[in-house]
Amino acid sequence: MNRAKTPDTGNHPEAISFWLWAYRAVARRLPGIERTLHGAYYHARHLRPSRFRRSVSWGCEILATIRRRQKEPQLTVGVDVTALWESLTGVGWYLYQLLDHLKDSPHVKIRLYGPSIVQSPDLSSPKVESLPHGLALETVLYEIPNDLALSQGTLIKILRWFEPLLIRFDANSVLFAPNYLLPKNFRFCRGVRVSTVHDLGFRKVPWSLREHTLEDLRCNFAPAVFGSARLISVSSAIRDELQAFGYASPSRVEVIHHGPGQLAQNPKPLRPSDESKDDAGYFVLHVGTIEPRKNVEALIAAWPYLRRVLDPCPVLVLSGRYGWKSEDLQTKIQQGTEEGWIRHLGYVTTDRLAKLYKLASVVVFPSHYEGFGLPAIEAMWSGAPLVCSDLPALREVAGEAALYFEPDRPEILADRLQSVLTDSILRADLIRNGYARIGEFSWESAAKNTLTTWYRADGAPPPWSQEEQPTRLPADD
């Protein structure tokens with residue numbers, strides 16, 4: 001196929017040599033740009049007046065949209081929502097719940113930025129049914145018609161090159177990183193940054209992370225937190241760790257607890273008819289990805305102790321997909337499945353997870369390390385007794401609604417499980433304490449406190465908080 005010729009530069013040898021040199025230099029280093037330039041030149045030669053008019057109109061619409069965003073009178077917050085394009089775990093549900101509870105706030109304009117702000121066939125859909133919608137939310141996404149002067153594919157490439165500038169032109173006052181780090185597309189933005197720190201696992205349990213993840217955190221965590229005007233910590237335990245490792249003083253960190261996990265999203269009461277054959281029975285439930293930090297190995301090691309003292313012994317139900325470094329565990333889980341005392345369900349839907357929590361005899365949470373522990377909240381919210389690792393964050397969350405054990409002592413774990421399974425009074429006390437405890441956690445409170453933190457980062461008191469207005473001192477006579 002013959003390529004379109006490069007634009008004519010006239011009859012001046014000097015001009016011809018310069019433009020040929022520039023064109024060849026770009027083509028050698030960026031072959032993708034070369035193809036795009038050829039496509040643009042071809043369409044320019046065959047340009048119809050109607051396509052030109054539509055292109056001008058579309059460009060003016062983009063400029064008008066940018067201008068409108070720049071003149072927004074409210075506090076504007078740019079939020080990285082790429083976590084909603086992945087299978088929703090802790091960070092994804094945390095972000096979704098914040099947006100859902102701020103969607104109609106009159107005090108803020110929240111702009112949502114996904115993996116790309118340019119609509120294209122290769123842009124996947126979010127892993128939630130839909131992004132939250134409300135007066136306070138605006139999804140930033142540029143759609144490209146297919147009847148413009150340049151082809152749709154060419155315009156997609158051009159806009160994606162300029163994505164960082166387009167986000168910069170939105171002039172957001174605050175940039176919110178729900179998982180401590182903003183994507184590269186935000187690199188030109190000038191708004192103050194607010195970052196949420198969920199844990200410091202790369203410092204506390206580095207052996208539990210993949211090598212590339214560990215290296216990424218070691219390189220990027222410190223610049224991200226030092227560059228943030230305010231930090232949100234999901235627990236006081238993480239705030240203390242940030243201080244201990246020298247990342248931030250307590251005055252720069254806001255402790256904002258999560259609400260009651262993903263089960264608070266459209267909760268449905270459980271009816272007897274909802275109990276499927278697969279989920280019914282006498283079982284202990286573990287919820288979480290099967291990976292080193294979750295300490296499923298100690299949980300499996302505890303079952304021989306438990307089977308010796310309990311008859312019948314409950315089945316161990318594992319809800320969560322296999323993660324990295326789980327090959328040995330897969331073998332043990334397969335063996336336990338064949339022997340009939342393990343059931344591995346993999347990743348389950350929210351409705352089924354709620355059912356599992358409500359039917360479980362005990363929920364067990366044996367992690368080596370946690371920053372907050374959503375499964376603990378979800379267990380208490382569902383009325384299930386809880387046995388979990390003796391970690392500062394889990395004691396902060398569960399309080400007297402759980403029995404605790406050392407993560408590397410499976411025999412103690414078995415003893416705690418036996419106590420809950422055989423002592424009805426203890427079981428009732430844990431459930432009652434859990435119901436009392438869960439009232440201290442709400443997504444409404446988390447959302448409002450997050451909004452307050454955004455205002456403080458921007459240097460302004462929240463408009464609804466009169467006591468935080470600066471007091472005017474009397475003038476000297």
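A salt bridge is taken here as a side-chain nitrogen of Lys or Arg lying within 4 Å of a carboxyl oxygen of Asp or Glu. In the predicted model described below, Asp 122 and Arg 160 satisfy this criterion, with their closest N and O atoms 3.2 Å apart. Asp 122 belongs to the loop between strand E2 (108-113) and strand E3 (137-139), while Arg 160 belongs to helix H5 (residues 152-161), so the pair ties together parts that are 38 residues apart in sequence. The two partners differ in their surroundings: Asp 122 is exposed, at 57% relative accessibility, whereas Arg 160 is partly exposed, with a relative accessible area of 26%.

The same rule yields a count of 20 salt bridges. One of them joins the side chains of Glu 339 and Arg 307, at an N to O distance of 3.7 Å. This pair links distant parts of the chain, as Glu 339 lies in helix H11 (residues 327-339) and Arg 307 in helix H10 (residues 296-309), 32 residues apart. Glu 339 is partly exposed, with a relative accessible area of 44%, and Arg 307 is also partly exposed, at 40%. A further salt bridge is formed between Arg 416 and Asp 415, with an N to O distance of 3.1 Å. Arg 416 has a relative accessible area of 25% and is partly exposed; Asp 415, at 35%, likewise counts as partly exposed. In addition, Arg 68, Arg 69, Arg 111, Glu 138 and Asp 170 are joined into one network by salt bridges that share partners.

Attention turns next to the nonpolar interior. In soluble globular proteins, nonpolar side chains tend to be buried together. The largest nonpolar core of the model holds 35 residues, of which Leu 84, Ile 110, Phe 176 and Trp 454 touch the most other members. At least two residues of this core come from each of strand E1 (75-80), helix H4 (90-102), E2, strand E4 (174-177) and helix H17 (443-457). Helix H4 provides the largest share, 8 residues. Setting aside residues up to four places away in sequence, the contacts of Phe 176 include Val 77, Val 79, Tyr 94, Leu 98, Ile 232 and Trp 454. Apart from this core lies another, of 32 residues, with Leu 356, Tyr 357, Ile 377 and Tyr 404 among them.

Two individual positions were also examined. Ala 302, in helix H10, is buried, with a relative accessible area of 0%. Its C-alpha atom is separated by 5.8 Å from that of Glu 411, although the two residues are 109 residues apart along the chain. Beyond residues up to four places away in sequence, Ala 302 touches Pro 410, Leu 413 and Ala 414. Lys 294 is located in the loop between strand E8 (283-287) and H10. Lys 294 has a relative accessible area of 12% and is buried, because this value falls under the 20% cut-off. Outside its neighbours within four places in sequence, Lys 294 is in contact with His 286, Thr 289, Pro 366, Ser 367 and Glu 370.

Confidence in the prediction varies along the chain. The mean pLDDT of the protein is 86, and 84% of its residues reach 70 or more. The pLDDT is below 50 over residues 1-13, a stretch with 12 contacts in the model beyond near neighbours in sequence. Residues 266-277 also have pLDDT below 50, and this stretch has 12 such contacts. Where pLDDT is low, the predicted coordinates should not be read in detail.

Methods
Residues are numbered from 1 along each chain as its sequence is written. This is a predicted model: local features need pLDDT of at least 70, side-chain atom pairs count only at pLDDT 80 or more; totals for chains, interfaces and linings use all residues. Side-chain values use heavy atoms; hydrogens and water are left out. Helices (H or I, at least four residues) and strands (E, at least two) are DSSP runs, numbered from the N terminus. Buried means under 20% relative accessible area, exposed over 50%, partly exposed in between (1.4 Å probe, protein chains only). pLDDT is the predictor's confidence in each residue, from 0 to 100. Contact means heavy atoms within 4.5 Å. A nonpolar core is a set of buried Ala, Val, Leu, Ile, Met, Phe, Trp, Tyr and Cys residues joined through side-chain atoms within 4.5 Å.
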